[in-house]
Amino acid sequence: MGRRSRRLLVPEAGAAMQSLKANVMRQEGYAVDENRPDDVKYEVASEMGIRMNRNGDNGNMKTEDAGHVGGKIGGAMIREMIRMAQEKLAKRQP
């Protein structure tokens, strides 16, 4: 099975998505380097007792563990996007 593609449908949205990730994870209480928001995954993994290699070689990592780390980050981002959408819709209501 090959690697999943992480390409955005709108490539220009990349910087905004990284900024959203940094802001959301900061709100969740994590120390986030604005220049490297993806590094928060190592802190999340450590908190969950999951070992990740910083050199990118995580081929021995269990799929379930990767899902737990990604799910915690992605879930927080989705909740924030839903909150933002609800707020925007509420402003449109007369």
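Begin by selecting Ile78, which is partly exposed at a relative accessible area of 46% and has its place in helix H3, residues 63–92. The model on screen is a predicted one, and that should be kept in mind at each stop. Extend the selection to Met81 and Ile82, and you have a nonpolar patch on the surface in which these two residues and Ile78 together offer about 250 Å² of accessible area.

Stay on H3 and move to His68, which lies in that helix and counts as partly exposed because its relative accessibility is 39%, between the limits of 20% and 50%. If residues up to four places away in sequence are set aside, His68 touches Met48 and Ile50. A distance label drawn between the C-alpha atoms of His68 and Met48 should read 8.4 Å, although the two residues are 20 apart along the chain. While you are in this region, select Gly49 as well, since this residue, just after H2, takes a positive phi of about 75 degrees.

Next, turn to the interior. The largest nonpolar core holds 17 residues, and those touching the most other members are Met25, Val40, Val44, Val69 and Ile73. Helices H1 (14–27), H2 (40–47) and H3 each supply at least two residues of this core. Centre the view on Val40, whose contacts, leaving aside neighbours within four places in sequence, are Met25, Tyr30, Ala31, Val32 and Ile73.

Colour H2 by burial, and Val40, Tyr42, Val44 and Ala45 will stand out as buried; the buried residues of this helix pack against H1 and H3. Then do likewise for H1, where Leu20, Lys21, Ala22, Val24 and Met25 are buried and where the buried residues pack against H2 and H3. H1 has 14 residues and spans 20 Å from its first C-alpha to its last, close to the 20 Å expected at 1.5 Å a residue. Just after H1 comes Gly29, with a positive phi of about 100 degrees.

Now show the charged side chains, among which five salt bridges are counted. Which residue forms a salt bridge with Lys21? The partner is Asp38, with the closest N and O atoms 2.3 Å apart. This pair links distant parts of the chain, Lys21 being in helix H1 and Asp38 in the loop between H1 and H2, 17 residues apart. Lys21 counts as buried because its relative accessibility of 15% is under 20%, whereas Asp38, at 33%, is partly exposed.

Select Lys72 and Glu47 for another of the salt bridges, in which the closest N and O atoms are 3.4 Å apart. Here too the pair links distant parts of the chain, with Lys72 in helix H3 and Glu47 in helix H2, 25 residues apart. Lys72 counts as partly exposed, with a relative accessibility of 32%.

For the final stop, follow H3 to Arg83 and Glu87, whose side chains meet in a salt bridge with an N to O distance of 2.8 Å. Both residues lie in helix H3, four residues apart, which is about one turn of the helix. Arg83 is partly exposed at 36% relative accessible area, and Glu87 is partly exposed at 41%. Add Glu80 to the selection to complete the picture, since Glu80, Arg83 and Glu87 are linked in a network of salt bridges.

Methods. Residues numbered from 1 in each chain as written. Predicted model: local features only at pLDDT ≥ 70, side-chain atom pairs only at ≥ 80, totals over all residues. Heavy atoms only, no water. Patch = residues over 30% accessible without salt bridge, like charges linked within 9 Å, V, L, I, M, F, W, Y side chains within 5 Å. Areas by Shrake-Rupley, 256 points an atom, 1.4 Å probe, with all protein chains shown as cover. Salt bridge = Lys/Arg side-chain N within 4 Å of Asp/Glu carboxyl O. Buried < 20%, exposed > 50% of the residue type's maximum accessible area, 1.4 Å probe, protein only. Core = buried A, V, L, I, M, F, W, Y, C linked by side-chain atoms within 4.5 Å. Contact = heavy atoms within 4.5 Å. Expected span 1.5 Å × (residues − 1).
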